[in-house]
Amino acid sequence: MRRQLRSPRLLRTVLTPREDSFGHLLSDLLAGRHAVEVVERDDGCVFTSEPSLYLAPFRSWWPQERRAMRLVRGRVLDLGCGAGRIGLHLQDRGHEVVGIDVSPLAVEVARRRGLVDVRLGTLDTALQANERFDTVLLLGNNLGLLAGEQLGRRLLRKLACAVTEKGRILAGSYDPYDGASELARGYQARNRARGKMGGVERLRVRYRQYATPWYDVLFASREEVAQLAEGTGWVVRRFIDNGAGYVALLELEQT
């Protein structure tokens, strides 16, 4: 599975108009204009991807995401909802969905497409203190929101406080070590030498004249996901596999 290059979901503040490259890309896609997603990595590498997945109907999703929909239950929180691809599908199935994104234009696009409850902000700013969810989505490689070991465990602990007693997380990623190129292996080795997890990448998204700030995104092996969950209140119950790609199902530890 080739990764879908991801938008800056893990930034801790809302993007300004000049920084909102991802939102401008989504706006152009919705208008039917040709768009190419460009992601720059801090070692000088530049990656491009065809971004139609962000607006894709259910039949065009990755197989592991389609299968993961069977595990969604109750009230849903979609972190980094983007254009509302997954939230709209679940809303149509009768779920109450809350979508959150730091991109103002992405939130606008999701609303225009029909997502009823979509909010601009972060996990800390967009939710009310007493809100609880049955399912949290980190799909479309949004496991990357964990960003690394320390930030990842902190986010998982926060999510444990935002769910019901039977809460679960569905998190998508791919194993960055499976079939990694020589260049990728070198980047991973540099990360480890700096005390980081191997699959952390420091990126920024560029589109036309817009560019996000730099941010860290995590791609992790299945074993690393299980290790990250330890001590956070979550445990990995299973993986839905598609080659190197997967969706992890995490549930609250029972005490």
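Glu253 is partly exposed in this predicted model. Its relative accessible area is 44%. That value lies between the 20% limit for buried and the 50% limit for exposed, which is why the residue counts as partly exposed.

Glu253 sits in the segment that follows strand S12 (245-252). Leaving aside residues up to four places away in sequence, Glu253 touches Gly233, Trp234 and Val235. Glu165 is 88 residues from Glu253 in sequence, yet the C-alpha to C-alpha distance between Glu253 and Glu165 is 9.5 Å.

**Strand S7 and its partners**

How enclosed is strand S7 by the rest of the structure? S7 spans residues 163-174. Nine of its 12 residues are buried, so the strand is largely enclosed by the rest of the structure.

S7 pairs with strand S6 (residues 133-138). S7 also pairs with S12. The table sets out both pairings.

| Pair | Sense | Bridges |
|---|---|---|
| S6 (residues 133-138) and S7 | parallel | five bridges |
| S7 and S12 | antiparallel | seven bridges |

Individual residues mark these pairings. Leu138 has Ala171 in S7 as its bridge partner. Gly172 stands opposite Val247 in S12.

**The link between S6 and S7**

Which helix joins S6 and S7 in a β-α-β unit? Helix H6 (residues 149-160) does, and the unit is right-handed. The S6 and S7 strands of that unit pair in the parallel sense.

In short, S7 pairs with S6 in the parallel sense and with S12 in the antiparallel sense. Glu253 lies in the segment after S12.

Note on methods
Residues are numbered from 1 along each chain as its sequence is written. This is a predicted model: local features need pLDDT of at least 70, side-chain atom pairs count only at pLDDT 80 or more; totals for chains, interfaces and linings use all residues. Side-chain values use heavy atoms; hydrogens and water are left out. Helices (H or I, at least four residues) and strands (E, at least two) are DSSP runs, numbered from the N terminus. Buried means under 20% relative accessible area, exposed over 50%, partly exposed in between (1.4 Å probe, protein chains only). Contact means heavy atoms within 4.5 Å. Two strands pair if DSSP finds at least two bridges between them. A crossover is right-handed if, with the strands pointing away from the viewer, the path from the first strand over the helix to the second runs clockwise.
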